[in-house]
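Reader: Please take a close look at a single part, the contact between chains, and give some context on either side of it. I would like the cut-offs stated as you go.

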Amino acid sequence: MTFIPKPKIAHPSLPRNELGLTRRDYEGSLSTLCAGCGHDSITAAITEACWGISIRPENLVKLSGIGCSSKTTAYFVNGGHGFNSVHGRMPSIAMGANAANRNLHYIGISGDGDSLSIGLGQFCHAIRRNVNMLYIIENNGVYGLTKGQFSASADVGTKAKKGEVNQQPPIDPVLLAMNLGAGFVARSFSGDKAQLVPLIQAGLNYPGFALIDVLSPCVTFNDHEGSTKSYAYTREHYEPIVEADFVPKQREIVTDYAAGEAITVTLHDGNRVNLRKLASDYDPTEARAAYDYVQQHIEKGEYLTGLLHCRATSDNEFHVANRTPLQALNALPYAKLSPGSGQLRRLLARYR
Amino acid sequence: MSRVNDFVIKIATVNGTGSASANTLLMKSIFRSGIPVMGKNYFPSNIQGLPTWYEIRVSKAGYVARSGQVDLMVCMNAETYARDIREVATGGYLIYDSTWPRPALLRREDVTVLGVPLARMCNENFKGVRTRILMKNICYAGVLAALLDLDVAKIRELLAETYAKKPALVDANMQAIELGYNYAKEHFDCPLPLRVTPMDQTADHIMIDGNTAAALGCIYAGATVAAWYPITPSTSLMDAFKSFADKTRIDPETGAANFAFIQAEDELAAIGMVLGANWNGARAFTATSGPGVSLMSEFLGLAYYAEVPAVLFDVQRVGPSTGMPTRTQQCDLLAAAYASHGDTKHVCLYPANPEECFYMAAQAFDLAERLQTPVMVMLDLDIGMNDWMCRDLVWDDAYQPDRGKVLDKEALSKIEKFHRYVDKDEDGITYRTFPGVDPKGAYFTRGSGHTQFGTYTEDSAEYQLVLDRLTRKFATAKRLLPKPVLQGDGKARAAIVSLGSCDGAIREALDVLDNRGIHLDYLRVRAFPFSEEVEQFLAAHELVYVVEQNRDAQFRSLLTLETRIDKARLRSLLHYSGLPVSSAFIVDGVLADLAEGQRAVSGVLS
């Protein structure tokens with residue numbers, strides 16, 4: 001049996017958030033992934049992020065497809081509903097769920113196989129539709145559950161465990177998302193929790209589609225020499241370019257950034273994202289420049305990380321574009337939905 | 001024999017020439033004269049330039065199916081002239097455009113051929129190529145008005161309604177009507193023996209297609225999320241929903257749209273969105289056709305196993321594969337009933353006409369939520385896209401949606417722990433919760449093996465417990481689904497069993513056979529899984545003709561798989577040409593089978 005509930009015991013001295021909840025209240029079942037899996041670090045970061053910004057557990061909807069990454073939605077925030085759907089189709093479930101109730105937080109967890117191969121179409125169209133959700137790709141360059149085949153994010157020249165060398169060019173989710181017009185595009189590394197937690201907090205509050213591509217090494221099938229997605233290789237080649245802090249509107253901004261380095265992006269609801277540029281020639285608010293900059297570094301073999309692109313407004317968010325009411329569609333009383341028998345007679349007049 | 005209010009007109013035109021307005025005008029004017037009428041459109045999968053036909057049956061007896069013969073053919077398409085003239089019944093009429101000479105080899109001595117210089121008259125009276133082509137069609141409607149004694153005032157009235165915002169068009173169209181009308185009056189002996197005379201049989205009736213009626217049903221069911229990928233012949237269902245929603249669902253104060261209409265990137269995404277929305281507590285649906293059902297299968301299996309409600313309209317078209325997208329069949333019966341891998345089964349409803357589409361559409365949402373499973377409403381192109389005369393649709397304002405077993409915050413507060421798949425009521429249906437209500441109600445929805453508590457499992461006993469409970473749920477479903485409709489006293493030794501759009505043709509065939517002394521019972525099945533009534537009906541008859549519109553006897557297969565019937569007693573009458581089944585096909589089929597087998601039952605049949 002691979003379902004292991006965690007004991008629910010909280011020490012009285014554990015810190016509590018604004019809802020009076022401890023970090024334990026944001027945990028899920030015990031992970032059944034391999035010891036040392038990068039995905040577990042991401043799960044820990046999500047737990048920390050949700051606790052930190054006091055999301056009500058029941059207001060977090062967790063969605064996933066199929067694969068190692070998709071299993072992780074069971075490992076955090078047990079108080080939120082989870083939906084582990086079919087391979088590569090999580091974005092459509094997310095779209096439908098979000099259409100039904102716009103007033104919840106939606107987090108989709110996917111992998112490079114789930115999003116960039118079988119689910120590439122749905123991934124792209126979720127961005128085009130600008131579904132208000134945080135979409136995390138736990139990117140390790142291989143298929144884990146089927147034992148080590150290359151995924152579509154594997155770099156040219158990277159070596160599989162058994163020695164095979166990948167020849168096909170990778171699909172980069174960050175460049176793809178920028179190209180499709182996503183307003184919040186980030187890359188991070190499972191081993192950099194300090195960077196990841198505020199990114200998750202900002203992504204959950206971004207009023208539109210937010211992507212975080214998290215490099216997350218597979219300790220079992222892709223952590224050997226010759227792999228470009230191993231812990232060692234990633235640590236050596238990843239380069240934080242812009243640091244982000246999520247600041248809820250009620251909190252004061254306290255920064256120690258040098259003038260000219262920091263940009264504050266204020267979201268529509270008053271929440272803010274502080275961006276601290278680590279390279280002076282980089283402007284993360286300008287999609288086209290960001291795209292070119294990131295691509296140039298990829299060509300040099302460098303993984304730039306951080307909030308690579310962020311726009312304050314996301315005007316074409318699905319519900320805005322469709323003029324749905326502020327109240328969730330699933331909460332509209334039937335009286336508002338039925339036109340009534342009198343209106344039926346009028347509607348049918350042209351069929352007589 | 002009098003042919004007053006009892007004949008068939010077929011009009012052969014080229015698609016994209018605007019003939020649809022002329023044909024609708026003709027049919028509607030007959031309907032408005034109180035005479036039962038049927039209109040069927042046989043159109044190509046094409047935008048412009050290919051042959052298309054429209055068949056109007058005037059039936060004082062109220063028969064709504066094809067009769068199987070054509071009494072008056074209007075040949076507006078030179079390319080199909082040869083096959084069109086062959087189709088006319090002996091003693092029938094043929095009208096053609098005599099602007100150009102007609103090849104002599106296509107003569108028929110037993111058919112009265114009437115030439116009208118439609119193109120010449122329109123060229124002389126109208127300006128512009130497009131106008132001349134459009135008016136040529138309206139002009140043949142004028143010819144028919146004179147020949148059939150149609151009420152010209154009714155035609156004007158219909159034109160005035162159609163062009164309420166462009167009055168100039170009413171006059172132009174009336175001019176074309178009069179050109180044809182006057183020419184016919186002057187040159188032919190009007191009216192023909194085939195003609196209409198007013199009746200009072202269409203009060204409280206409408207002419208509507210099933211896709212429109214189903215879309216209205218979704219509006220009245222309170223559906224708020226519609227996700228779809230365009231596919232013929234289901235597209236007009238979604239178009240109609242959007243149009244009705246734009247009229248009835250815009251908040252007068254805020255301008256907000258109380259619905260979400262999502263054109264998906266493919267059918268896989270469309271059904272995914274429907275599942276996501278239903279799972280999250282909104283009533284959501286999609287409409288598709290056979291190829292879409294194939295693509296949706298994986299998600300349908302998930303919905304079955306994870307117990308997520310969904311409503312899907314399958315407007316069936318001719319298969320296999322792309323098949324003939326603009327022709328009708330009932331060929332997805334098996335694909336729908338067992339869509340997806342593994343042990344899966346789905347609730348299917350089989351409406352027979354647009355009226356039933358309306359009510360079954362609304363009922364489908366109640367059933368989907370009550371049973372927490374997908375419900376597929378199986379229309380076909382004939383029901384979905386053709387205008388059928390049916391009784392006025394009415395709505396009971398006392399209706400409240402049946403959301404099924406949902407625990408709200410208050411209900412959750414009264415229980416110690418929530419378990420998603422525990423069968424508390426022993427009817428196979430368990431309780432569900434929605435996100436955003438209470439952390440106590442949270443559960444994990446998955447298509448992987450799960451226990452009755454919703455947790456992942458690979459344990460045989462725990463897995464089987466859930467699977468066996470699903471079997472019990474489908475036993476409960478049998479009791480909740482629409483009952484079959486019996487015609488006859490149930491005591492005949494032979495019978496017909498059928499479903500969906502075969503109904504009209506069967507009812508007429510039963511009358512014809514009855515007049516010949518052959519009495520059959522008839523059961524129209526309206527839902528799958530089959531109820532006990534279906535079992536009993538099959539058991540009570542020595543010989544049962546299974547009438548359906550596909551090659552492989554899919555309905556018969558379902559009956560043999562899902563009931564105790566000895567399959568030797570089920571004899572198939574299979575119609576799969578792509579045209580709607582006619583009453584003549586069924587009469588001929590039954591008679592041929594009886595003659596061939598010299599059946600022992602013939603004693604009771606006579």
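**The contact and its surroundings**

Author: Of the 352 residues in chain A, 55% count as buried (20 or more other C-beta atoms within 10 Å of the residue's own, against 12 or fewer for exposed and partly exposed in between, with C-beta atoms placed from the backbone). The model is predicted, so local features need pLDDT of at least 70 and side-chain atom pairs count only at pLDDT 80 or more, while totals for chains, interfaces and linings use all residues. Residues are numbered from 1 along each chain as its sequence is written, and chains are lettered from A and ligands numbered from 1 in the order in which they are written.

Chain A has twelve helices and twelve strands (DSSP runs numbered from the N terminus: H or I of at least four residues for helices, E of at least two for strands). Its radius of gyration, taken over C-alpha atoms, is 21 Å, close to the 20 Å of the globule rule (2.2 Å times the number of residues to the power 0.38), so chain A is as compact as a globular protein of 352 residues. The C-alpha trace of chain A spans about 75 × 50 × 50 Å along its principal axes.

Now the contact itself. On chain B, 63 residues are in contact with 51 residues of chain A (C-beta atoms, placed from the backbone, within 7 Å). Elements that each supply at least two residues to this side of chain B include α7 (210-221), α8 (235-248), α10 (290-306) and β17 (444-446). The largest share, nine residues, comes from α9(B). By type, this side of chain B divides into 36 nonpolar, 17 polar and ten charged residues; Ala, Val, Leu, Ile, Met, Phe, Trp, Tyr, Cys and Pro count as nonpolar, Asp, Glu, Lys and Arg as charged, and the others, Gly among them, as polar.

Strand pairing also crosses between the chains. Strand β2 (residues 82-84) of chain A pairs with β17(B) in the parallel sense over three bridges, where pairing requires at least two DSSP bridges. Within that pair, F83(A) stands opposite T445(B).

Elsewhere in chain B, five strands form an open sheet of mixed pairing, in the order β18-β20-β19-β22-β23. Its edge strands are β18 (485-487) and β23 (570-574). β18(B) runs antiparallel to β20 (residues 521-525) of chain B, joined by three bridges, and Q487(B) has Y522(B) as its bridge partner.

Key. Contact = placed C-beta atoms within 7 Å.
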